[in-house]
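Please examine the following structure, beginning with its contacts and ending with a single residue.

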Amino acid sequence: TLSIIPITEANKVFLLAGATGTDKFTGAGRLAFRTFPSAKAIYSKLAEVAYEKETRTTVTFSEQKDWPQSVVANFAQRFTELGGKVLAQETYEPGTQDFKPALLKIKNLNPESIMISVQGPDSAAQIIKQMQELGIIQQIYGDGLVVTKATYDKTNGILPSSALGGTPHVNSERLPETKAFLERYVKRFGEITLDSFIATEGYDG
């Protein structure tokens, strides 16, 4: 989305982006808008939840992409403001399959929690599986791709029930049109594996 903003701005074209929460989008164009909350709005709040649960140390682990970097940066900033301590901020390159070297570094730091942000659910599942293999049992905080039913299913139930995530949400009872759409969605696809907000704001069929 960011790459086309100079073109839309130069041609005075209105741009409405879905599922774009990166910090870089904020203020990127006078005619550029989004239907998805910013990473700051969601993950600053998750940091507050973590602190309220008496988590005082964490390590962030994220993919080297705009969205995951925005997620962990906002989580870390708010967590630190509240008095928490970020022991390290580990990253991995897109396409990585073996996360164990980085996870071992995190394990040796012995944080109370790990904040994970990914670009896709396959990476999330692989990270969770390898954490279990290494005996990493710390509290998990994650973005809307990490703490989901999809990741739970891909890990065959390994994702702990204690894991906490942040994602936008839609109340399907507020509008009959929204409720009807979600009923049709479930009838066609069987289930909503991510939050229903993603289906309502991103479906283009």
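Among the contacts in the protein with a separation of 6 or more, 66% are accounted for by residues 24 or more positions apart; a contact means heavy atoms within 4.5 Å. The model is predicted, so that local features need pLDDT of at least 70 and side-chain atom pairs count only at pLDDT 80 or more, while totals for chains, interfaces and linings use all residues. Residues are numbered from 1 along each chain as its sequence is written, and side-chain values use heavy atoms, with hydrogens and water left out.

The protein contains eight helices and seven strands, taken as DSSP runs numbered from the N terminus (helices H or I, at least four residues; strands E, at least two). Its C-alpha trace spans about 50 × 40 × 35 Å along the principal axes. The radius of gyration is 18 Å, which agrees with the value near 17 Å for a compact globule of 205 residues; this quantity is taken over C-alpha atoms, and the globule rule is 2.2 Å times the number of residues to the power 0.38.

Of the 205 residues, 43% count as buried, that is, under 20% relative accessible area with a 1.4 Å probe, protein chains only.

Ser 117 belongs to strand β5, which covers residues 113–117. Is Ser 117 buried or exposed (over 50% relative accessible area)? Ser 117 is buried, because its relative accessible area is 0%. Beyond its neighbours within four places in sequence, Ser 117 is in contact with ten residues' worth of surroundings listed here: Phe 61, Ser 62, Glu 63, Trp 67, Pro 68, Val 71, Val 72, Tyr 92, Asp 143 and Val 146.
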